[in-house]
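Here is a short report for a reader new to this structure. It starts with one helix and works outward from there.

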Amino acid sequence: IEGWDIRRELKFRIWHNFWDSMLLHCGKEVAERNIELQLHTFNFGYRKIESHWEGASNSSVYQARKFARKELEGVDCYWNGHWGKVWIQTYPFHMFMVYDDPSKGCTEG
């Protein structure tokens, strides 16, 4: 079949089903965590999750994220000529600037 990636099909049709059923036998907590990780991948995308872990292993990125969570999140900040608050989604890491003026919307970074 043209455009069909046999390795991808094997992975999704056999390998994922194998692990899903195997982890069900490891207890409720393990099975729930597996489902949670699958939902993260579905909702955020593999690249965003990969970027999260690449940043976590880079000391300067790790320190910048730690600083943002400790010093910037939730306090009044001034950005692009407007006041607002920083909101951080910790996993996968993503920062949002939520402006005090709702007409300004939200800036992602």
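In α2, the residues Ala31, Asn34 and His40 are buried. The buried residues of this helix pack against α1 and α3, the latter covering residues 46-57. This is a predicted model.

Helix α2 itself runs over residues 28-44, and arginine 33 is part of it. Arginine 33 is partly exposed, with a relative accessible area of 40%. Its C-alpha atom is separated by 9.5 Å from that of leucine 23, and the two residues are 10 apart along the chain. After α2 comes glycine 45, with a positive phi near 95°.

**The chain as a whole**

The secondary structure comes to 4 helices and 4 strands. Along the sequence the order is α-α-α-α-β-β-β-β. The helices are thus written before the strands in that pattern.

How does the radius of gyration of the chain stand against that of a compact globule of 109 residues? The chain has 19 Å, whereas such a globule would have a value near 13 Å. The C-alpha trace spans about 55 × 40 × 30 Å along its principal axes. Of the 109 residues, 19% count as buried. Among contacts with a separation of 6 or more, 19% are between residues 24 or more positions apart. The accessible surface of the chain comes to about 8,600 Å². Carbon and sulfur atoms hold 59% of that surface.

**Helix spans**

Three of the helices can be set side by side. The table gives the distance between the end C-alpha atoms and the span expected at 1.5 Å a residue.

| Helix | Residues in helix | End-to-end C-alpha distance | Expected span |
|---|---|---|---|
| α1 (residues 6-24) | 19 residues | 27 Å | 27 Å |
| α2 | 17 residues | 24 Å | 24 Å |
| α4 (residues 59-72) | 14 residues | 19 Å | 20 Å |

For α1, the reach is close to the expected value. The same holds for α2, which is close to its expected 24 Å. For α4, the 19 Å between end C-alpha atoms agrees with the 20 Å that its 14 residues should span. Glycine 74 follows α4 and has a positive phi, near 85°.

**Helix α1**

Where does α1 bend? The bend is at phenylalanine 12 and comes to about 30°. At the start of this helix, a side-chain oxygen of aspartate 5 reaches to within 3.2 Å of the backbone nitrogen of arginine 7.

Glutamate 9 has its place in α1. Is glutamate 9 buried or exposed? Its relative accessible area is 15%, so glutamate 9 is buried, since buried means under 20%. The side chain of glutamate 9 makes a polar contact with the side chain of tryptophan 4, at 3.4 Å. Leaving out residues up to four places away in sequence, glutamate 9 touches Trp4 and Ile14.

Arginine 13 is also found in α1. With a relative accessible area of 56%, arginine 13 is exposed. The C-alpha atoms of arginine 13 and tryptophan 53 are separated by 26 Å, and these residues are 40 apart along the chain.

**Strands and loops**

Next come the strands and the loops that join them. Asparagine 80 lies in the loop between β1 (76-79) and β2. Asparagine 80 is not a glycine, although it has a positive phi of about 55°. What is the exposure of asparagine 80? Asparagine 80 has a relative accessible area of 58%, so it is exposed, the cut-off being over 50%.

The loop between β2 (82-89) and β3 (94-99) holds proline 92. A cis peptide bond joins tyrosine 91 to proline 92, with omega about -20°.

Glutamine 89 belongs to strand β2. Why does glutamine 89 count as buried? Its relative accessibility is 17%, and buried means under 20%. A polar atom of the glutamine 89 side chain lies 3.0 Å from the backbone oxygen of proline 92. Glutamine 89 thus links the strand to the proline in the text above through that pair of atoms. Not counting residues up to four places away in sequence, glutamine 89 touches Phe44, His94 and Phe96.

Key:
Residues numbered from 1 in each chain as written. Predicted model: local features only at pLDDT ≥ 70, side-chain atom pairs only at ≥ 80, totals over all residues. Heavy atoms only, no water. Helix = DSSP H or I, 4+ residues; strand = E, 2+ residues; numbered from the N terminus. Expected span 1.5 Å × (residues − 1). Bend = angle between axes of the 7 residues up to and from the residue. Polar contact = N/O pair within 3.5 Å; in protein donor to acceptor, adjacent residues only side chain to side chain. Rg over C-alpha atoms; globule rule 2.2 N^0.38 Å. Buried < 20%, exposed > 50% of the residue type's maximum accessible area, 1.4 Å probe, protein only. Contact = heavy atoms within 4.5 Å. Areas by Shrake-Rupley, 256 points an atom, 1.4 Å probe, with all protein chains shown as cover.
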